[in-house]
Amino acid sequence: MHPIFASIERLVLYLIAWVPLAALLVFLLVVSTDLRWMETILLALPLIALYAFLCLSAWYLCQNPPSQPADLIRLMFTYVLAALICGSIWMATAKAIGLALGLVPAFAGLSERLKTALPLLLVMGALLYLLSLAVHYVLLALERSREMEANEMRARVLARDAELKALKTQLNPHFLFNSLNSISALTSIDPTKARQMCVLLSDFLRSTLGMGEKAGIRFSEELSLVRSFLAIQQVRFGSRLRLEEQIDADCDSYLLPPLLLQPLVENAVIHGLADLVEDGWVRLEARRSGNVFLIAVENTFDPNVPTSQRDGIGLSNVRRTLRARYCSNASLDTEVKGARFRVELTLPIEV
């Protein structure tokens with residue numbers, strides 16, 4: 001079916017576009033023939049209405065553009081032949097309308113006066129059909145361009161979702177590997193703490209089940225996961241690990257990708273606190289600033305440890321997650337001040 005008939009609005013707009021052509025046809029017939037204004041208007045209105053629908057057939061001829069020079073010549077011949085056929089139909093219809101109107105005494109002799117206008121109608125009909133072909137080609141090109149853009153957008157969304165899923169599947173094994181190493185170290189030092197850490201790890205993994213299928217979770221849920229993770233690390237480090245929070249209450253309902261903060265906190269513990277001889281801390285901040293959501297993870301570390309060891313897979317995964325989820329609308333920045341390492345996230349607000 002022709003796309004014009006997809007909605008009544010399109011059809012109405014299409015018919016309105018033919019109104020100037022109807023006015024042009026009336027003017028040409030009055031100027032070039034002996035036809036009077038009233039009989040010309042009565043003749044032109046049904047002719048234009050007929051040709052408006054007749055020209056829609058050009059849409060079907062434009063469906064298969066030529067791929068070879070020989071096809072182009074054949075297609076041009078087809079177009080010219082179709083234009084002449086449609087012009088002839090238009091001319092014959094005008095003659096029939098003239099005969100019908102001539103039966104009315106007020107329009108007596110119309111068919112005779114119309115004979116001089118028949119060649120003009122043939123030429124004008126052919127030209128209008130060729131113009132319709134050109135317009136349909138332009139419309140089809142625009143439609144194909146929109147389809148290609150839509151397909152490209154769908155491909156980008158699928159690629160982004162695939163990348164996010166790959167990052168999530170990479171994240172859990174990475175965290176699990178570090179946790180099992182910690183448990184292994186504790187088994188020979190403090191078996192009781194090792195068992196406690198196993199229980200906490202089991203609870204943490206249970207709470208993360210199914211999150212890989214979610215596009216986003218509330219910040220309050222993410223914060224709960226971070227606290228569960230730090231409870232696991234608390235078993236290993238004891239009083240050496242201290243969590244400080246500066247969280248605005250209105251941030252709890254904001255959405256963000258699942259397990260976005262956990263690798264940052266893990267990075268703060270593994271590459272920061274673990275290298276300290278004395279006690280250390282991890283500070284988590286969250287607040288709204290205008291139209292963005294600001295999150296910061298800050299921790300103490302040993303300045304003598306090379307920077308490359310602090311910028312591990314955790315930061316790399318978070319950067320890729322932000323890029324896949326928000327494109328250029330989110331950012332991750334790191335800052336070192338003395339013995340403090342700070343990661344700042346800037347995210348669009350989603351609720």
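Analyst: A residue is called buried when its relative accessible area is under 20%, exposed when it is over 50%, and partly exposed in between (1.4 Å probe, protein chains only). The model is predicted, so local features need pLDDT of at least 70 and side-chain atom pairs count only at pLDDT 80 or more, while totals for chains, interfaces and linings use all residues. Residues are numbered from 1 along each chain as its sequence is written, and side-chain values use heavy atoms, with hydrogens and water left out.

User: Why is Glu245 called partly exposed?

Analyst: Its relative accessible area is 33%. That value falls between the limits for buried and exposed, so Glu245 is partly exposed.

User: What makes Glu245 and Arg227 a salt bridge?

Analyst: The term asks for a side-chain nitrogen of Lys or Arg within 4 Å of a carboxyl oxygen of Asp or Glu. Here the closest N and O atoms are 2.7 Å apart, so the pair meets the rule. Arg227 is also partly exposed, at 41% relative accessibility.

User: Which parts of the chain does the pair of Glu245 and Arg227 tie together?

Analyst: Glu245 lies in strand 2 and Arg227 in helix 9 (residues 219–237), so parts 18 residues apart in sequence are tied together. Helices (H or I, at least four residues) and strands (E, at least two) are DSSP runs, numbered from the N terminus.

User: How many salt bridges does the rule give?

Analyst: The count comes to 13. One of them joins Glu39 to Arg36, with the closest N and O atoms 3.4 Å apart. Glu39 is buried, because its relative accessible area is 1%, whereas Arg36 at 44% is partly exposed.

User: How do you know that Arg283 and Glu298 form a salt bridge?

Analyst: The N to O distance between their side chains is 3.4 Å, which satisfies the rule, so the pair counts. Arg283 is in strand 4 and Glu298 in strand 5, 15 residues apart. Both count as buried: Arg283 has a relative accessible area of 15%, and Glu298 is at 6%.

User: What joins Arg283, Glu298 and other residues into one network?

Analyst: Salt bridges that share partners do this. The network consists of Arg242, Glu244, Arg283, Glu285, Glu298, Arg340, Arg342 and Glu344.

User: What makes Arg283 a charge over the ring of Trp281?

Analyst: A charge sits over a ring if NZ of Lys or CZ of Arg is within 6 Å of the ring centre and within 35 degrees of the ring normal. Arg283 lies over the face of Trp281, at 4.3 Å from the ring centre.

User: In what order do the strands of the open sheet stand?

Analyst: The five strands have the order 2-4-5-7-6, with mixed pairing. Strand 2 (241–247) and strand 6 (331–337) each have a single partner strand, so they stand at the edges.

User: How do you know that strand 6 and strand 7 pair?

Analyst: Two strands pair if DSSP finds at least two bridges between them. Seven bridges join strand 6 to strand 7 (residues 340–348), and the two run antiparallel. Leu332 has Leu345 in strand 7 as its bridge partner.

User: Why is the pair of Tyr254 and Phe293 called edge-to-face?

Analyst: Rings of Phe, Tyr and Trp (its six-membered ring) pair if their centres lie within 6.5 Å; planes under 30 degrees apart count as stacked, over 60 as edge-to-face and the rest as tilted. The centres of these rings are 5.0 Å apart and the planes stand at 75 degrees, so the pair is edge-to-face. Tyr254 lies in the loop between strand 2 and strand 3 (255–256) and Phe293 in strand 5, so parts 39 residues apart in sequence are tied together. Tyr254 is buried, at 4% relative accessibility, and so is Phe293, with a relative accessible area of 1%.

User: Why does Tyr51 count as buried?

Analyst: Its relative accessibility is 0%, so it is under the limit for buried. Tyr51 is found in helix 3 (residues 37–54) and forms one aromatic cluster with Tyr14, Trp18 and Trp90.

User: Which residues is Tyr51 in contact with, leaving aside its neighbours within four places in sequence?

Analyst: Contact means heavy atoms within 4.5 Å. The residues in contact with Tyr51 are Trp18, Ala83, Cys86, Gly87, Trp90, Gly125, Ala126, Leu128 and Tyr129.
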